[in-house]
Structures are given as structure tokens and as C-alpha cells.
Amino acid sequence: ADIPVIPDLEEVQEEDLAMQVAAPPSVQVNRVLTYHDLDKDLMKYAAFQTLDGEVDLKLLTKVLAPEHELREDDVSWDWDHLFTEVSSELVAEWDLGQSERED
């Protein structure tokens with residue numbers, strides 16, 4: 001009774017699952033907040049103006065940089081070009097340091 005039985009091919013063909021389609025999962029999608037919405041919420045709710053009820057964050061929220069100052073264009077990096085650029089800057093700094101020591 002404990003020996004597993006290999007099913008016959010006819011039994012497997014009767015259970016043709018290839019034509020059955022599973023129902024898609026239902027997922028609740030919440031709206032992703034924009035930076036503008038987050039900025040409004042930060043100033044609107046007092047809960048964001050203190051940390052652990054002790055640390056006052058009002059000064060910090062006043063000097064936070066706006067989104068348009070933080071946005072940068074995506075730039076692809078080429079390893080060879082980047083390595084050459086950094087190497088030449090280091091050599092230029094080293095040469096400048098050597099010339100200052102000689103003077």
C-alpha cells in the first residue's frame with residue numbers, strides 16, 4: 001500500500017489540463033503618489049513635522065529642495081570613457097601637486 005503507483009497513459013489523457021485556464025489573480029492597485037502630492041502631504045499633516053513626538057522637523061521641511069532641482073536626465077555611462085576621464089583628472093591633479101612642490 002505504501003508503494004507509489006505510476007498512472008497509466010489513458011488516465012493521464014483523461015485529465016487533460018492543457019485546455020483549462022486559470023483565473024487571473026485579483027490584485028488591488030493603489031494609486032502611486034506623485035512628488036507634488038507628497039509635498040502637499042508633508043506640509044499638511046503635523047505628524048510629518050515631528051519625529052517620535054520629540055524631534056521638530058519644521059526647519060528641515062522648510063529647506064528641502066524642490067523636485068525640479070533634484071531631477072536629472074538619465075545619462076548612460078561608458079566605462080572606457082569614464083575611466084579615461086577620471087584618470088586624466090587624477091594625473092592633472094598629481095602634475096599640479098608636483099609643480100607646486102618644485103616651486
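This note comments on a predicted model of one protein chain.

1. Confidence. The mean pLDDT of the chain is 78, and 78% of its residues reach 70 or more. Confidence varies along the chain: the lowest mean, 65, belongs to α1, whereas helix α5 (residues 79-102) has the highest, at 90.

2. Secondary structure. The chain contains 5 helices and 2 strands. In sequence order, these elements follow the pattern α-α-β-β-α-α-α. The two strands therefore come after α2 in the pattern, where helices are runs numbered from the N terminus.

3. Burial and surface. Of the 103 residues in the chain, 5% are buried. The accessible surface of the chain comes to about 10700 Å², and carbon and sulfur atoms account for 57% of that surface.

4. A nonpolar patch. Which residues make the nonpolar surface patch of about 280 Å²? The patch is made by L33, Y35 and L38. Of these residues, L33 lies in the loop between α1 (9-14) and α2 (35-44).

5. Exposure of L33. The relative accessible area of L33 is 39%. L33 is therefore classed as partly exposed, because this value falls between the limits of 20% for buried and 50% for exposed residues.

Key. Residues numbered from 1 in each chain as written. Predicted model: local features only at pLDDT ≥ 70, side-chain atom pairs only at ≥ 80, totals over all residues. Heavy atoms only, no water. Patch = residues over 30% accessible without salt bridge, like charges linked within 9 Å, V, L, I, M, F, W, Y side chains within 5 Å. Areas by Shrake-Rupley, 256 points an atom, 1.4 Å probe, with all protein chains shown as cover. Salt bridge = Lys/Arg side-chain N within 4 Å of Asp/Glu carboxyl O. Helix = DSSP H or I, 4+ residues; strand = E, 2+ residues; numbered from the N terminus. Buried < 20%, exposed > 50% of the residue type's maximum accessible area, 1.4 Å probe, protein only. pLDDT = per-residue confidence, 0-100.
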